[in-house]
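Biologist: I should like a close look at a single part of this model, followed by an account of its backbone irregularities and its nonpolar cores. Please set this out as one connected answer.

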Amino acid sequence: MNNQCLRHYFGNGKWKKAILSLRWKALYLGKGLYLKIVPLWLRPLFLDLAFRIAGPLFRGMPRYEIWKQQRLTDPRSSGTASLPVSAGLVDIEKIPPLKTLPRGRIAVHVHIFYGDLTGEFAAHLRHMPFRYDLFVSVPTPAVKDICERSFSGLPNLSRLTVAVVENRGRDIGPLFFAFGDELKRYDFISHIHSKKSLYNNGATDGWREYLLDALLGSGGRIRRIFTLLTGEEKIGFVYPQNFFKVPYVANTWLGNLGLGRAWCARLGIDPVPNGYFDFPAGSMFWARREALAPLFETGIGVGDFPEERGQTDETLAHCLERLFVLVVKSQGFSAAILPDRQTPSWSRWRFDQYFKRDQAFAEMVVTAPSTKLVIFDIFDTLLVRPLLDPQFVKKIVAARLGGTLGNSYLQWRDRAEAVARSKNGRDVGLDEILDELGRLSGLGPDDLQALRREEEQVERKTVGPRPEGVALFKAAVASAKRVVLASDMFLPQALIETMLEENGIAGHHGIYLSNAIGLRKDSGKLYRYILEEEGATRESTVVVGDNERADFQIPCDLGMKPLHILRPVELARAVPRLCALVENPGINRDMDSHLALGLIVKKNFQPLFYPEFDPNSLFPAKPHAIGYSVLGPLVLSFAQWLGKRSLQNEASCLYFLSREGQFLKKVYDCLRAAVPFLPPSDYLVLSRRSVTVPMIRNLEDISAIARVRFFPRPLAELLGVRFGLALSKADLDELARLGLWKRDSWVKVEADENIDHLRPVLEHLQNRIYRIAAAENNGLQAYLRQKGLFGTANPFLVDVGYSGTVQKSLNALSMGKVHGFYMMTHQNARAVGAVYDVHIEGCFDNWVSGPNASYLFRESFLVEKMLGCDDPQVVKYGFNGEGELTAGYNEATAADPRTREIRHALQEGALSFVADALAVKKSLVPALEVPTDLAVALFERFAKDLAPAEKEIVSALVLDDHYCGRGLVA
């Protein structure tokens, strides 16, 4: 092979593909030998040895990555078990043990199906530090005898009750139908059981031991749990974080959604979670009885549970397991999740398993020689919406329709789909849904046609490509696999094909839609149909998709290879500092909040792979992402507020003040391009220094300027910065000779403090200051005339805030009334409005101070740093020798290149958000406005607990504050 061939081969990355292919073949052959030769009991030891010897060969495989994570965090191998930042987790080791007896009766329910485990349970129950009653359910008299012998002599046991129960409902059934009437008379209840999970061939070995140790591992641990249950925080439920071997997808309804919705309706739980949510996988916990009261009051009987047939899902027991925390929260209590310190994870759902996979592994799966057919899901896999909930499309449709038609659509749309599906006995399309909607609502053909056009248009306009999903799809197509698309979807195929084409998705060999075929993926029937149509075997088929039931559980059950990807909203909900905002019910009720946050979630969490995912950061710790997600919503919500308030106050022009106003004006001008009837804007290059000195008339004016806070610096620096007064050595010697100021003394001024120590100096220098003021006054007025501010009917200044100093000075020039709009105003600004009879108003904070100030106000310096510009600060206006207007600048204000680079990226990110939001406003929801409270909440969540990577970015932003003697401030 010549050099040119080598360059072509390596330059095009073909060598990587070759290595991946060889790696896959080795794994494929090795797996076959492993399954044939290695006995079941020896497999854990064999895998451990294989992973130790040839770890890189298995990189990206979930089981290997979980093994590696366990090794990295195991105290026995690393010496420490640090606990990363987490959401919803309570570090039990930091909770003091309860030293007194808890007020109330304690019951423990144990379900013992395997009698050989009674000794293990007795050992844990010996740790009970309080008196309790023990209720034991067993399947046979023989197991009953074993339990009575093992448990009768336990310390602190007041009463033992052992009952033989019918083998229904696993461990959860007897909790209610055998002992429910008795347990609901206790104040605290624990539920544990002899779990073995034999169905998964040892994949979750150690699960039972982990759960028992977490809940009953020692007397001290139990006392700490009771501190939680008896505290003032209203914690009603305590359970361990998911076992590290349990797949993260288990933290959803899986096959229990239908039953779950029915039970949520029965229990009054609303809303019903759609994605990932908290529940005790493995169903072991401690609880306050009143937190679970609704379940004990429903009268659950043995007949409610199906006969035992080895089911792994879709039973009432599996459903009730998922209802525990939902019921607890509906009762006004919260749940405390105990973190796993042996295999720590920041994610209570163990999403760290997901983040271990990389792009190379995913491509290896879909392009492997053994793969013949790849089935791609469409929505949230290849196409993604800027929505937290895809059902929100219907609210957008209703809002666009408006009036009676919109209300009728929203009232009947879901009902029509359910009825149409029930009548037809299969999945249905949009035609059948709208026909049923017409029958239910009484709407005529014209209205129904309008509904169809609007729904299809909204669906088409909301979607965009999920780039890494599309790249994976293209890799499968390029590898000459048979690639098809499949979706449980009501939209017509022609529309979906248009959506795919518009987003650059082409090359597939077929589309299978549930509404066209009448079969669904989440039942498994559509997959069987596809396999038959494509002539493919289950073992050679890979399914790529986001739905935990339809794209993971069902393919697994059918023997296909699933490659699951997480939806952007689920990734966002997993981020500790972001989850509470994403899960806020108000976000889903408010269209503006939903769409604004949906854009942010889509932007930051649509990748499939995260080689450097940082759970400590609110968003990816990159300036552009922070600008998009934090600064963007803040400035656009302010610009939209400006637009509304300027129209209400009949503003003739908005004058944005330098330097922060330079970027604010850019944002406002973007808005005005979309809403052209807003008033025009201009940019005023002014500063506090450039307007206060020209207004000096007497010594009190001089003193007012000097009274502003100044950090310790030489006297000459204060006088130069504040008044433009350059003191020579002779001047300083003169002050010292007259006893007005010590030669080497520095000056320090606290805000609004008495400055008697400075007054003699100011009195001595006042005539020189007056001359400077007079010259600068002429220059300032000339500049303002040049900008057209004189004679403008109703001008408004725009700035970050806070006390309206520039506005006060401009009004004092007797140039007519100058009003002001600000991001924030201090209570001192009220006086400006009163004295000059002008409008002055803040958007996010208005006339606040001290404890009334928001977090945004208190961290306004960070806002200023993000809004800064590269221009030096103007300090005065004057005239040159030819009588031309000139400006004087503080050249020391120039920031270093690193600050400029980061600030530019922040502002570019913010403008990207503005562009995306205005595009949604133009094409989908004309009334869209970013809520100010959402913008403030995002800023607060970012600034309050900066992660190290975020702090590094923020610290690199430098802002000059020479006026207060601080120089360049980070």
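Modeller: What follows begins with one tryptophan, W741, and then turns to the backbone and the cores. The model is a predicted one.

W741 sits in a loop, with helix α35 (729-737) before this loop and strand β18 (746-749) after it. Is this residue buried or exposed? Its relative accessibility is 13%, and because buried means under 20%, W741 counts as buried. Beyond the neighbours within four places in sequence, W741 is in contact with L715, L735, A736, W746, V747, H757, L758 and V761. One of these partners, L758, is 17 residues away along the chain, and its C-alpha atom is 8.4 Å from that of W741. The surroundings of W741 also offer a polar partner: its side chain reaches the backbone oxygen of S745 at 3.1 Å.

The backbone irregularities come next. Two cis peptide bonds may be described. One joins D270 and P271, with omega about 5°; P271 belongs to the loop between α12 (257-267) and β6 (285-288). Another joins S658 and R659, with omega about 0°, and R659 lies in the loop that runs between β15 (653-657) and α31 (660-674).

Positive phi values outside glycine also deserve inspection. K234, which is not a glycine, has a phi of about 60°. This lysine, K234, is placed in the loop between α11 (219-230) and β5 (235-240), and its relative accessibility of 39% makes it partly exposed. For W847, likewise a residue other than glycine, phi is near 55°. W847 is located in strand β21 (residues 840-848). With a relative accessibility of 29%, W847 counts as partly exposed, whereas W741, at 13%, counts as buried.

Finally, the nonpolar cores. How many residues does the largest nonpolar core have, and which of them have the most contacts inside it? It has 148 residues, and F376, F605 and M823 are those with the most contacts inside it. Helix α30 (residues 623-648) gives the most to this core, contributing 11 residues. For F605, the contacts beyond four places in sequence are with R466, P568, L571, A572, V575, L578, Y610, F613, L618 and F619. A second core, separate from the largest, has 86 residues; among them are L89, L183, I300 and V328.

Notes:
Residues are numbered from 1 along each chain as its sequence is written. This is a predicted model: local features need pLDDT of at least 70, side-chain atom pairs count only at pLDDT 80 or more; totals for chains, interfaces and linings use all residues. Side-chain values use heavy atoms; hydrogens and water are left out. Helices (H or I, at least four residues) and strands (E, at least two) are DSSP runs, numbered from the N terminus. Buried means under 20% relative accessible area, exposed over 50%, partly exposed in between (1.4 Å probe, protein chains only). Contact means heavy atoms within 4.5 Å. A polar contact is a pair of N or O atoms within 3.5 Å; within protein, one must be able to donate a hydrogen and the other to accept it, and residues adjacent in sequence count only if both atoms are side-chain atoms. A nonpolar core is a set of buried Ala, Val, Leu, Ile, Met, Phe, Trp, Tyr and Cys residues joined through side-chain atoms within 4.5 Å.
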